[in-house]
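Okay, thanks for having me. Let me put the structure up and we can walk through it together.

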Amino acid sequence: MPQKINPDIETSENQNPHSQTQKQQSTPTTEKKTKYVRKSPLKDNRISLTARLNENDLVIFNQRLKLFGFSSLNEMVRDFTKSKFPVVTEDKQIDNLYQNQQTGGLKSLLEGGSNRDFYERADTNDMHKYYLNVRKFHPNTCRDIISYFKRFREAFFTEKIDEIRGLTPRVKSKIMDALRKFGQYYLYKYNNDQVIDLVEKIIRRHSLSVGNTDHGKLYIVDDHYLENKLKLVFDMNGEIGLIVKFGLFSGLREDELIYVYGKQICTNLSGCVCEKLHVMEKPNGISIILVQWHRGHKKCYFTVVPTELFKAFRNLESFSYKAHIRSAHSYIKTKDETLNFMWLRKAHYNVMCRTMKPFEANILAGRAKTVDAKHYAIYELDSMTNKYVEAWSKYRINFTH
Ligand SMILES: [Zn+2]
C-alpha cells in the first residue's frame, strides 16, 4: 500500500529487514526523537530505530531522500554510519556563514576559518565549464567572470568588502555579476540556493548596487521621478489596474500576493495563532494583514494596505501568477518600458522610507529580523499605519472617504 504510510516503524522480530526499505520513514535530520529500541539476540543482530515525523512532512522527506540519491531510509542510515553521508561540504559552511550574517554581522565570519571554504576552494575549472557549456556564455565572458570571482571573492565575503565599495561602478557591477553567477553555479552544482541569497544579502547590506544598476536606481532618484512613475500606476483601471495598485500599496512579493489572495481569513483577532490570515481594519481606511508566511530566507510578517483595495483584491474572481501577474507585468511595460511588476515593491519601499525609519520599512518589506517584526506586530502597529497614511499623502493619496 504505497499511500498509507506509517512513519513510526517499531521493531518487530519477524520483520524482514528489507520490508523496511519499502516504507517511508523519517531522517535523523528531521526527526524529533530517535531511540535505541531493541537488540535481537538471534541470528540478525541489526536493530531498528524509530523516528517521528509530521505526516505532512513525509512528502518532503521522501523528496529529499531521493534528492540525495537514496531509495530508502536504510540506505541513508548505512551511509550515515560509514560517514559517507552527509558529505561535509560547502553546504554546512555556508549555513554557518549565513547564520553569522544574520546574528553577528560580518565580523564573526572571520572567527571560523573553515566556513570560507565554499568560495576559497571552489573549483574554478568546473565553474568555467558550467558557464561555457551550460550557460552558453561567450568564452571571453566566462574568462571575465572567473577572473573577477578569483580576484574579489575573499574581499566580497569578508570584512574587506569596504575595498570593493570604493571601486568604480563599472568594476563593482562586474564583481556583483561574477558573485551572482557563482551563486547560480552553486545552485546548479549542489542544489543549494543559499549562496544566491547570501550574495544578494551582502550586496544589499553594503549598498553595493546603489547608483550602479537598475537595482539601486530608485533609491537615489528625486521625488519628481517617482511621482511621475507612480502617476502612471494610479491611472491604471480595471482588473489589471487593481492588481497593479495592490502590488504597489502592499509591497508584497509575487508569491506573497498569491498567498494573501488565496488564504482563508480568520475572524478571531485576540492573539489567535492559527495559520489563516488575520486582518485588522483600522478607522483610518487602512487594514493590517498579519501574513506570517516564511519560506526559506524570505519572510513576510504583516503588511499594511488600504482596506477597500484589499477587499476588491480578495473579490477578484481568480488570481494567479501566469494569468494575472504576468499580464500586469506586460501592461506596466506598455506604459513605461523601464518599469515592471517587481518595480512596484521597490517603489513601495521607497515611498515608505519617506516617513518610516529604514528598519521599519524593512519590516514591512519582510527583510527584518523576527524579533523586530514581533515587537512591531505587538506594539507599533498604530504608529506604523499612521506613517503609512502619511507617506502616501505626500503623493496626494488619501484612504478615507
Ligand atoms: Zn486565527
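So, which residues of α13 are buried? They're Ile243, Val244, Lys245, Phe246, Gly247, Leu248, Phe249 and Ser250. Before you lean on that, remember this is a predicted model.

Staying with that helix, α13 covers residues 238–250. There's a nice little sanity check here: at 1.5 Å a residue, its 13 residues should span 18 Å, and the end C-alpha atoms are 18 Å apart, so the two agree. And what follows α13? That's glycine 251, and its phi is positive, near 70°.

Okay, next a pair of helices. People describe two packed helices by the angle between their axes and the distance between those axes. For α9, residues 169–190, and α10, residues 194–205, the angle is about 160° and the axes are 8 Å apart. Anything over 145 degrees counts as roughly antiparallel, so that's what α9 and α10 are to each other. Their crossing is left-handed.

Who makes the contact? From α9 you've got Met176, Leu179, Arg180, Phe182, Gly183, Gln184, Tyr186 and Leu187, and from α10 it's Val195, Ile196, Val199 and Ile203. Sort the residues of that contact by type and you get nine nonpolar, two polar and one charged.

Last bit, zooming out. The protein has 19 helices and six strands. Of its 401 residues, 25% count as buried. And if you take contacts between residues at least 6 apart in sequence, 56% of them join residues at least 24 apart.

That's my tour, happy to go back to any of it.

Note on methods
Residues are numbered from 1 along each chain as its sequence is written. This is a predicted model: local features need pLDDT of at least 70, side-chain atom pairs count only at pLDDT 80 or more; totals for chains, interfaces and linings use all residues. Helices (H or I, at least four residues) and strands (E, at least two) are DSSP runs, numbered from the N terminus. The expected span of a helix is 1.5 Å times one less than its number of residues. A residue is buried if 20 or more other C-beta atoms lie within 10 Å of its own, exposed if 12 or fewer, and partly exposed in between; C-beta atoms are placed from the backbone. Two residues are in contact if their C-beta atoms, placed from the backbone, lie within 7 Å. Axes are lines fitted to C-alpha atoms, for helices over the stretch in contact, and angles run from 0 to 180 degrees between N-to-C directions. Angles under 35 degrees count as roughly parallel, over 145 as roughly antiparallel, 65 to 115 as roughly perpendicular and the rest as oblique. A crossing is left-handed if the near helix is turned anticlockwise from the far one by less than a right angle, and right-handed if clockwise. Ala, Val, Leu, Ile, Met, Phe, Trp, Tyr, Cys and Pro count as nonpolar, Asp, Glu, Lys and Arg as charged, and the others, Gly among them, as polar.
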